[in-house]
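Hello,

Here is the structure I promised to hand over. Have a look at it first, and then read on for what turned up in it.

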Amino acid sequence: MLTTSLSRAFKLGLAAVAVTSPTVAADASSCDFNTYEHMGNLSPYFQPSNTPPSLSSGAPPGCAVTKAFLVHRHGSRNPLSDEIGTIQNLAYYIGNESSLFSAPRAPVPDALAFLQEGWNSTFTTNDLSATGRQQLFDHGVAMRLKYPQLSASHVLAGDQDRVVESARWFMDGYYGRSANSSASLDLIAEDNKTVSWITPMDTCEKWTYGFGGALVSEWGKTYLPPIADRLNNLLADSFPTVNFTAAHVHGMLYACVYGTAVYGKDSSPWCPVFTRAEILDHEYEYDLLMRGAFGYGLPGDMGPVLGSLLVSNMTEFLMKKNKEGHDNLSLNFGHDTTLDLLLAALHLVEDSQFPATGPVDPNRAWRTARQVPFAAQMLFRGLDCAGGEQRIQMLLNEANFDLSPSGCESDKYGTCKMSDFTASDTVKAALAVTHGDARWRAVCSA
């Protein structure tokens with residue numbers, strides 16, 4: 001754990017080493033900090049507390065869940081092709097300097113002692129990990145047990161390997177050995193020709209990943225160099241010519257995150273290297289990236305427009321009258337980006353400021369670790385309540401979520417009357433969007 005590494009540092013007389021991270025300095029006495037809940041959208045799945053804390057869990061008294069629409073992110077995976085190079089760059093440096101690291105001139109700090117044995121990357125690219133497979137299987141089992149009254153004969157997944165495999169593992173958990181005969185797995189292409197609410201940005205000509213990437217680059221110039229300086233100073237006596245760069249530090253942080261995603265918690269030697277403040281700064285990088293490329297950081301009206309396609313599909317399903325023999329559960333599998341765009345379309349987790357150079361607001365609303373960790377689950381529930389009232393409820397990673405920012409009046413469970421939800425200006429605007437219409441063209445046509 002990260003707090004353990006800090007206590008080791010103090011035993012080695014390293015308390016005087018300056019931590020010049022842009023955020024608040026680490027609190028070595030803190031015992032409640034969980035590194036694995038601060039890895040942004042690359043965090044392993046966890047269930048956060050209700051948002052906001054004032055919400056009550058469960059459904060309102062007198063209400064029963066009669067329909068549900070699930071949007072599920074794929075499980076933990078190996079690095080993407082544009083990420084693994086950063087990790088390999090670090091591995092090349094350590095490998096090329098093996099004579100330096102194998103012969104320390106002074107005792108090596110405990111947290112970095114593994115460098116004496118060398119370190120190399122063993123990651124593949126893109127593939128779902130064993131951890132990811134377990135996440136999806138477990139979620140399928142849990143869904144079956146929690147909602148025995150619901151049924152689905154069709155499953156929809158974006159046609160990308162890790163998404164398809166995630167859907168299959170969920171189906172194995174949900175349907176068991178009869179998965180192949182119990183439901184069809186329908187795939188929708190993820191390309192720039194196919195209209196899809198799972199990857200709507202692919203058919204938006206003006207959209208580019210660079211909207212988020214530019215923010216990450218700017219923030220990296222702020223928070224990575226001080227970490228490199230700290231580590232080089234820490235290792236100067238042991239390895240006099242050590243020269244870890246900001247890019248190497250970025251690789252270390254990725255190695256921590258992906259070591260966890262691929263091999264499980266406490267598997268990566270890199271995680272204990274960093275202070276609490278440095279982990280929090282790295283978490284902000286992921287928030288900047290996802291908000292910039294798939295949320296409120298997109299130019300103009302692009303985020304809400306792209307997310308509106310999911311709002312329409314979800315609302316249409318929940319409002320459709322139940323018929324004998326028809327599905328009352330919709331199972332859909334996509335990406336963290338799918339969920340983020342929905343949040344933007346409904347004006348949920350919205351911040352007034354999100355500066356790319358800091359300072360970092362510890363109370364910011366947009367937190368990808370809580371919103372879209374690996375295997376994230378966004379479940380919209382249709383509730384039949386006493387007196388014939390229809391209500392809608394959103395659970396994000398199994399926690400009740402307040403829908404009132406979308407414009408409807410919510411109760412203490414976060415639910416709204418379905419009629420109020422669909423009548424709110426935010427939802428009406430989302431339901432009015434169709435792919436290729438005037439509003440779509442205004443933000444997407446090149």
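**Where to be careful**

Residues 1–29 have a pLDDT under 50 throughout, and the model has 49 contacts beyond four places in sequence for them. Please keep in mind that this is a predicted model. Where pLDDT is low, the predicted coordinates should not be read in detail. For the protein chain as a whole, pLDDT averages 92, and 93% of the residues score at least 70.

**Three helices that meet**

A good place to begin is with H7 (residues 210–235) and H8 (residues 246–263), whose axes come within 8 Å and cross at roughly 90°. Angles of 65 to 115 degrees count as roughly perpendicular, and H7 and H8 are therefore roughly perpendicular to each other. On the H7 side of this contact you will find Tyr223, Leu224, Pro225, Ile227, Ala228 and Leu231, which meet Ala246, Val249, His250, Met252 and Leu253 of H8. Sorted by class, the residues in the contact of H7 with H8 are ten nonpolar and one polar, with no charged ones.

H9 (276–294) is the next helix to look at. The axes of H7 and H9 come within 7 Å and cross at roughly 170°. That makes H7 roughly antiparallel to H9. H7 brings Phe211, Gly212, Gly213, Leu215, Val216, Trp219, Tyr223, Ile227 and Arg230 to this contact, while H9 brings Glu278, Asp281, His282, Tyr284, Glu285, Leu288, Leu289, Gly292 and Ala293. The contact of H7 with H9 holds ten nonpolar, four polar and four charged residues.

H8 also packs against H9, at an angle of about 85° and with the axes 12 Å apart. H8 and H9 are therefore roughly perpendicular to each other. His250, Leu253, Tyr254 and Val257 of H8 make the contact with His282, Glu285 and Tyr286 of H9. By class, the contact of H8 with H9 has four nonpolar residues, two polar and one charged.

If you follow single residues, Tyr223 and Ile227 of H7 are listed in the contact with H8 and also in the contact with H9.

**A pocket to explore**

Which residues are the closest to the centre of the second largest pocket? This pocket has a volume of about 630 Å³. It is lined by 29 residues, and Leu80, Asp82, Glu83, Tyr209 and Phe294 are the closest to its centre. H2 (81–96), H7, H8, H9 and H11 (336–345) each supply at least two residues of the lining. H9 gives the largest share, with five residues. By class, the lining has eleven nonpolar, nine polar and nine charged residues.

**Two details in one loop**

Lastly, please look at the loop between H11 and H12 (368–371), where Pro359 lies. Gly358 and Pro359 are joined by a cis peptide bond, with omega about 0°. His347 lies in the loop between H11 and H12 too. The phi of His347 is near 60°, which is a positive value in a residue other than glycine.

Enjoy exploring, and do write back with any questions.

Best wishes

Methods: Residues are numbered from 1 along each chain as its sequence is written. This is a predicted model: local features need pLDDT of at least 70, side-chain atom pairs count only at pLDDT 80 or more; totals for chains, interfaces and linings use all residues. Side-chain values use heavy atoms; hydrogens and water are left out. pLDDT is the predictor's confidence in each residue, from 0 to 100. Contact means heavy atoms within 4.5 Å. Axes are lines fitted to C-alpha atoms, for helices over the stretch in contact, and angles run from 0 to 180 degrees between N-to-C directions. Helices (H or I, at least four residues) and strands (E, at least two) are DSSP runs, numbered from the N terminus. Angles under 35 degrees count as roughly parallel, over 145 as roughly antiparallel, 65 to 115 as roughly perpendicular and the rest as oblique. Ala, Val, Leu, Ile, Met, Phe, Trp, Tyr, Cys and Pro count as nonpolar, Asp, Glu, Lys and Arg as charged, and the others, Gly among them, as polar. On a 1 Å grid over the protein atoms alone, a cavity is a set of points where a 1.4 Å probe fits but cannot get out, and a pocket is an open set with protein on both sides within 12 Å along at least five of seven lines; lining residues have an atom within 4 Å of a point. Grid points are joined across faces, edges and corners, and a volume is the space filled by probe spheres set on the points.
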